Amino acid sequence: MEVGLRLGRLRASLDDAGCGALLVTSTTNIGYLTGFTGSAGLLLIDADRAVLVTDGRYRDQAPREVTTAGTEVEVEIAVAERQKLLNGLTAGITNLGLEADSITWTDQRRYADWFDGTTLVATDGLVETLREVKDEGELARIAAAAAIADTALAEVWPMLDTGPTERQVASALDNAMRSLGASDRAFETIVAAGPNSAHPHARPGDRTIARGDLVVCDLGAIVDGYHSDMTRSARIGGTGDGPEAEMLTAVLAAQQAGIAAIADGVATTAVDTACRNVLTGAGLGDAFTHGTGHGVGLDIHEAPALSGTSTATLRSGHVVTVEPGAYIAGVGGVRWEDTVVVESRGCRRLTRSPSTT
Ligand code: ZN
Ligand code: ZN
């Protein structure tokens, strides 16, 4: 991964954000910029220096990780002396940026006290914007996480016909992903069947999955901190006919239309519209009750969002999901979701499990 280049890109955005230095408090962002994977630290970046302040637990790990990542970051171990240290580092800085999305009101008050005499500036998504475009190393990790979920789903899928509970299937998927090398699951695995499938974020329960049920399996793995996200739907015992069959066909067509709409330079709302038009045409517009997708990377949900209100434009290297769904109480729900990487003239699927009705 090109971790060493990221500090330079961030520095280039500080002027526009109106700050001479940035105090990075999000541990995910600190990891992205420095390679440090510890759970506690503060990273101060100005035009010339980047200083990571962490505690004694990371005395060996922090210098090793920033060196391995090829970043020019100085490591300081400090707890009680943090304020004095950071205050010294920001001497001469008029405006200090804080990450508005990652600090609490309590933090803000503490920093106002620590940096008395410096103007604190709320910044919005400076590092998150850099994180949207993935480099080859990041894409390889997301692809590895996607492949693990593909294999886990293929291994567990036959179990659906044997009358298991939702919870048993979810736990089999989780175990399979871990045995295949995932450090963890990307989120609480969703296996929702029958009436439960009508809830987009259903939690697996103890109801036995029965013939004729719609079933939605939404799963992802984590590899080296990077997530994947995929959903497959089916009807137990065969698609058959009726509203369940219509939902399966229409949602898959909507997802294919969404994926076909993706390319560098396309507005995220256009992808949402492409999916929504298909479902509206099938009389299921009102049953599609959530946005079409989201960015995926070090977080399972990150920028850019693909929704009717999103203002973002897709760029080559963005990794996003396309996940239209339809949910009808008393009938059930259907969702298809793939994680794709945006390319100049289209996109490439990273999750590759077969999609059929
Ligand atoms: Zn999902
Ligand atoms: Zn998703």
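1. Two strands are taken to pair here if DSSP finds at least two bridges between them. On that basis this predicted model has an open sheet of 3 strands, ordered S7-S10-S11, with antiparallel pairing. Strand S7 (184–185) and strand S11 (226–227) are the edge strands, each with a single partner, so one side of each has no neighbour in the sheet. Between S7 and strand S10 (residues 221–223) there are 2 bridges in the antiparallel sense, and Asp-184 has Ile-222 of S10 as its bridge partner.

2. The loop between S10 and S11 holds Asp-224. Asp-224 has a positive phi of about 50° and is not a glycine. For context, most residues other than glycine have a negative phi. Asp-224 is exposed, with a relative accessible area of 54%. Asp-224 is also among the residues that lie nearest the centre of the largest pocket.

3. The zinc ion (ligand 1) takes its donors from Asp-218 (OD), Asp-218 (OD), Asp-229 (OD) and Glu-337 (OE), at 2.1 to 2.6 Å. Along the chain these donors follow the spacing D-x10-D-x107-E. The 4 donor atoms subtend angles of 55 to 150° at the zinc ion (ligand 1), so the arrangement is irregular. To count as tetrahedral, four donors would need all angles between 85 and 135 degrees. The site draws on distant parts of the chain: Asp-218 belongs to strand S9 (residues 214–219), while Asp-229 is in the loop between S11 and strand S12 (230–235), 11 residues apart.

4. How accessible are the two aspartates, Asp-218 and Asp-229? Asp-218 is buried, with a relative accessible area of 5%. Asp-229 is buried as well, with a value of 3%.

5. The zinc ion (ligand 2) is coordinated by Asp-229 (OD), His-294 (NE2), Glu-323 (OE) and Glu-337 (OE), at 2.1 to 2.2 Å. The spacing of these donors along the chain is D-x64-H-x28-E-x13-E. This site is irregular too, with angles of 78 to 152° among its 4 donor atoms. Here the pair that links distant parts of the chain is Asp-229, in the loop between S11 and S12, and Glu-337, in the loop between strand S17 (332–335) and strand S18 (338–342), 108 residues apart. Asp-229 and Glu-337 are both buried.

6. Which residue bridges the zinc ion (ligand 1) and the zinc ion (ligand 2)? Asp-229 does so, and the two ions lie 3.2 Å apart. Glu-337 appears in the donor list of the zinc ion (ligand 1) and in that of the zinc ion (ligand 2). A reader checking the angles should bear in mind that water is not among the atoms, so sites may look incomplete.

7. The largest pocket encloses about 500 Å³ of space. Its lining consists of 19 residues, and Gly-31, Phe-36, Thr-37, Asp-224 and Leu-298 lie nearest its centre. Helix H2 (27–34) and helix H3 (61–68) are the elements that give two or more residues to this lining. H2 gives the most, with 4 residues.

8. Strand S3 (residues 50–54) is mostly covered, with 5 of its 5 residues buried. Its two faces are both covered: Ala-50, Leu-52 and Thr-54 are buried on one side, Val-51 and Val-53 on the other. Strand S2 (residues 42–46) pairs with S3 in the antiparallel sense over 4 bridges, and a hairpin of 3 residues joins S2 to S3. Leu-44 stands opposite Val-51 in this pairing. S3 is also joined by 4 bridges to strand S4 (residues 74–77), and these two run parallel. Leu-52 stands opposite Val-75 in S4.

9. Helix H9 (residues 243–261) has 19 residues, which at 1.5 Å a residue should span 27 Å; the end C-alpha atoms are 27 Å apart, so the two values agree. The expected span takes 1.5 Å times one less than the number of residues. Buried residues in H9 include Glu-244, Ala-245, Met-247, Leu-248, Ala-250 and Val-251. Leu-252, Ala-254, Gln-255, Gly-258 and Ile-259 of H9 are buried too.

10. A cis peptide bond joins Ala-303 and Pro-304, with omega about 0°. Most peptide bonds are trans. Pro-304 is placed in strand S14 (residues 302–306).

Definitions and conventions: Residues numbered from 1 in each chain as written. Chains lettered and ligands numbered in written order. Predicted model: local features only at pLDDT ≥ 70, side-chain atom pairs only at ≥ 80, totals over all residues. Heavy atoms only, no water. Donors = N, O, S within 2.8 Å, 3.2 Å for Na, K, Ca; no water. Tetrahedral: all angles 85-135°; square planar, octahedral: opposite > 155°, others 65-115°. Buried < 20%, exposed > 50% of the residue type's maximum accessible area, 1.4 Å probe, protein only. 1 Å grid on protein atoms, 1.4 Å probe; cavity = no way out; pocket = protein on both sides within 12 Å on 5 of 7 lines; lining within 4 Å. Points joined across faces, edges and corners; volume = space filled by probe spheres on them.
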